Amino acid sequence: MRFTRVAALLLAVAAAGCRSSRAPDLATAKVVDLTHAFDDRTLYWPTSPSAFELKPLAAGQTPGGWYYASNAFCTPEHGGTHLDAPVHFAKEGRTADRIPVRELIAPAVVLDVRQKTSADADYRLTVEDVRDWEARHGPVPAGAIVLLETGWSARWPDRKSYLGDDTPGDASRLHFPSYGSAAAEYLVRERKVGALGVDTASIDYGASQDFPVHRIANGANVPGLENVAHLDLLPEQGAWIVALPMKIAGGSGGPLRIVALLP
């Protein structure tokens, strides 16, 4: 019998019966916003041809006597806090509008590697890092949303500090930490997680030129969540994540509003 990721998640929750997988009571849960606001300082990949633009259309009193405001906005899919749909790096992968919403609402696994990234801006998560987490909390649940905490969120929106380089149009000299390919394989293939998220600009580390983590995750229909904010406010386990992107038909990604629910 073949199970979907949603079924796998539900089975894991039911089987575990542990605090880390129980959904918080929405009436009492603390809500933490993990999203950087979109504005004229929002960071995009250095080769992006454009950035976020907000154009006022109206702002003022109407002839009828009431106030009315409206804007138009324009943005590439991949910038700021955003989702990478599987089709971003996998030709047959799901587009943004075809990712089941239920897969984007799941228990959080927070992997804190700040001690290691403080000494190495090119640090990549290892399988040993994941197993250290599992030694404390048990196996990473199937369907969980994994969030890698590097400490880079505190550097936002300083382009040079956050990306490691601020040369316009050049992505060849970036330096920031993220997932290693072996750890991504372990999480995606063996633990069957629902998404990989990180508080840096990419689920591949900055100096990568061939993006293996994108290819591993997206190739397994696992989306990426990038430029996530404020992971320092979350426990290593116990939170639930709601990660809902703009529903762009055929999109390879899109702006993301991501929040955590804490018991």
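Student: Which residues make the nonpolar surface patch of about 300 Å²?
Tutor: This is a predicted model, in which local features need pLDDT (the predictor's confidence in each residue, from 0 to 100) of at least 70, side-chain atom pairs count only at 80 or more, and totals for chains, interfaces and linings use all residues. Patch residues have over 30% relative accessible area (Shrake-Rupley, 1.4 Å probe, only the protein chains shown as cover) and no salt bridge (Lys or Arg side-chain nitrogen within 4 Å of an Asp or Glu carboxyl oxygen), with like charges joined within 9 Å and nonpolar side chains (Val, Leu, Ile, Met, Phe, Trp, Tyr) within 5 Å. The patch is made by Leu-54, Phe-73 and Met-246.

Student: What is the relative accessible area of Phe-73?
Tutor: Phe-73 lies in strand β3, residues 67-74 (strands are DSSP runs of E, at least two residues; helices are H or I, at least four; both are numbered from the N terminus). Residues are numbered from 1 along each chain as its sequence is written, and side-chain values use heavy atoms, without hydrogens and water. Phe-73 is partly exposed (between buried, under 20%, and exposed, over 50%), with a value of 49%.

Student: Which residue of β9 stands opposite Gly-224 in β10?
Tutor: Strand β7 (residues 145-149) runs parallel to β9 over 4 bridges (pairing takes at least two DSSP bridges), and Ile-145 stands opposite Ala-195. β9 and β10 also pair in the parallel sense, over 2 bridges. Opposite Gly-224 stands Leu-196.

Student: Which residues of helix α6 are buried?
Tutor: Helix α6 covers residues 212-219. Just after α6, Asn-221 takes a positive phi of about 65 degrees. The buried residues of α6 are Val-213, His-214, Ile-216, Ala-217 and Asn-218.

Note on methods
Buried < 20%, exposed > 50% of the residue type's maximum accessible area, 1.4 Å probe, protein only.
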